[in-house]
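Q: Could you walk me through the labels used for this protein, and show what each one rests on?

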Amino acid sequence: MTSKWTSNANEATSLRLIGAPPPCDGVFHPEFTYPIFGDAETIYGYSDLHIRLSFASGRLTPALDVSYKAKNTTTAAKIDDVRATMLEYLPKDEVVTPDALEALAAQDTRGGSDAFRPHGERVATYTRTPKPKARSSLGSLFSARSRAGPTAPREFHIYHATWDTPGFREWHARAQILTLFFIEGASYIQGDEPNWEFYTVFERVQTEEGEAFHLVGFTSLYRFWCWPGRTRLRLSQFLILPPFQKQRHGAELYNTVFDRMLADPDVCELTIEDPSEAFDGLRDACDLARLTKEEGLQQAIADGRLRPPIERAWSDRARAEHKMAPRQWSRMLEILALKHLDQGSMDLVRAYRLQLKARLFRVNREVLSQLSRVQRLEKLQETFESVVDEYAELSGVELTDALLDAPELTLDAPPELPPMAKRAAAAVIEHADDDDDDDGEPHKRARVQ
């Protein structure tokens, strides 16, 4: 079969939110289609294939249109039935024609009593003021912004729902395919599990007839029982749709979830299921901003609690209070300790370096234990430098050579350390039993991270 008859599934699939405020109503493409079309993300048997999957921007009623220039009718190879394959992942009884979807979306956009409204309890509201766009002109660049005119703030609401929320189960069935398109490794959530809860973000637009709502993103969380009678909340899926990305909606959603979790006495901590690199960055920025403003932690910093090596008993008590998973709490303390580290003190620098390497060893001990001592120290130093560079970018700290320089490697006995560094060094030399995984479970994959 020649390349004429093959199509990249990601490029062939076009998505739209019909009725969303411009420019959020434009076409965008999925990041992943392998859950639907296989690992190669390739569709065979068509030339100039187009899969147009559109949704009413609030209620998410879908419309599917599949077209192509030609179909290979001479090959003996199996031809993919694109429409049938897509319908396996959509609630078939709710798929409408493109014309019917346009009419439904128009009704929702007008607002009024028959328009879509989000399901569940509204738990947060915030606004965003779009940056004005300058008009294309040969005039002065300095007057471009004034020519663009003022831009009205846009209003967004966050809602909380469960399977018991009227209408939400049906809405979620329409939304699930979006997780396959944009969350690597995502799978459909089964509705027979009662412990799921959800947060959704919608833009609210005031209309002459009422108000209209347009989906921005959503997240799903699961409650696990945690001894002795509390629950651990695990964030499973987190999605801000591409037309609304890079506008800090993700931060608003994450902070809302975290604030409500902190206020819930039944929850002992929030964990994250297999976070992506992008989500890790969002989480780090939000958690660091929250802790930086927290009075109790600022007092602890003033009292010298973050001078390395950090006292384990105090750290455990503070972590329980802030309900963070062990690994994330350690990272936040390491960043804050770096911000307040006197890099002119060799004792403090060495203690900080050894304490961070101790945690890195615990996280990656399955791999590192297989290396020779010299190789292990080299790998720890390499990983340490990478992590500290990340911390410096997050915190704005300027790193000194004294902190980054690797100690001279030797096969002889290690040199005598200052008392402040001995306790931190012991954690590197010994194979500590601490577990830093977000879910409190042993690591299943061996990797240096």
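A: Happy to. Buried means under 20% relative accessible area, exposed means over 50%, and partly exposed is in between, with a 1.4 Å probe and protein chains only. Please keep in mind that this is a predicted model, where local features need pLDDT of at least 70 and side-chain atom pairs count only at pLDDT 80 or more, while totals for chains, interfaces and linings use all residues. Residues are numbered from 1 along each chain as its sequence is written, and side-chain values use heavy atoms, with hydrogens and water left out.

Q: Why is Glu273 called partly exposed?
A: Its relative accessible area is 32%. Partly exposed is the class between under 20% and over 50%, so Glu273 at 32% belongs there.

Q: What makes Glu273 a residue to look up in UniProt?
A: The annotation "active site" in an unreviewed UniProt entry covers Glu273. UniProt positions are given in the numbering used here, feature names are shortened, and annotations may be inferred rather than shown by experiment.

Q: Where is Glu273 found, and with which residues is it in contact?
A: Glu273 is in the loop between strand E13 (267-272) and helix H8 (277-293). Helices (H or I, at least four residues) and strands (E, at least two) are DSSP runs, numbered from the N terminus. Contact means heavy atoms within 4.5 Å; leaving aside neighbours within four places in sequence, Glu273 is in contact with Arg234, Leu235 and Ser236.

Q: Lys246 and Lys323 are both lysines with positive phi; which class does each fall in, buried or exposed?
A: Lys246, with phi near 60°, lies in the loop between E12 and helix H7 (249-263). Its relative accessible area is 87%, so Lys246 is exposed by the over 50% rule. Lys323, with phi near 55°, lies in the loop between H10 and helix H11 (326-339). Its value is 6%, which is under 20%, so Lys323 is buried.

Q: What makes E2, E5 and E6 an open sheet, and which strands are at the edges?
A: Two strands pair if DSSP finds at least two bridges between them. The order is E2-E5-E6, with mixed pairing. Strand E2 (13-18) and strand E6 (62-67) each pair on one side only, and these are the edge strands.

Q: How do you know that E5 and E6 pair?
A: Strand E5 (residues 50-56) is joined to E6 by 6 bridges, and the definition asks for at least two, so they count as paired. The two run antiparallel, and the bridge partner of Ile51 in E6 is Val66.

Q: What makes helix H4 a neighbour that packs on this sheet?
A: Helix H4 (residues 98-110) touches E2, E5 and E6, and its direction makes about 25° with that of E5. Axes are lines fitted to C-alpha atoms, for helices over the stretch in contact, and angles run from 0 to 180 degrees between N-to-C directions. Helix H6 (residues 168-182) also lies across E2, E5 and E6, running at about 130° to E5.

Q: Which peptide bonds are cis, and what is omega for each?
A: One is the bond from Trp227 to Pro228, with omega near 10°; Pro228 is in the loop between strand E11 (211-226) and strand E12 (230-240). Another joins Pro308 and Pro309, with omega about -5°.
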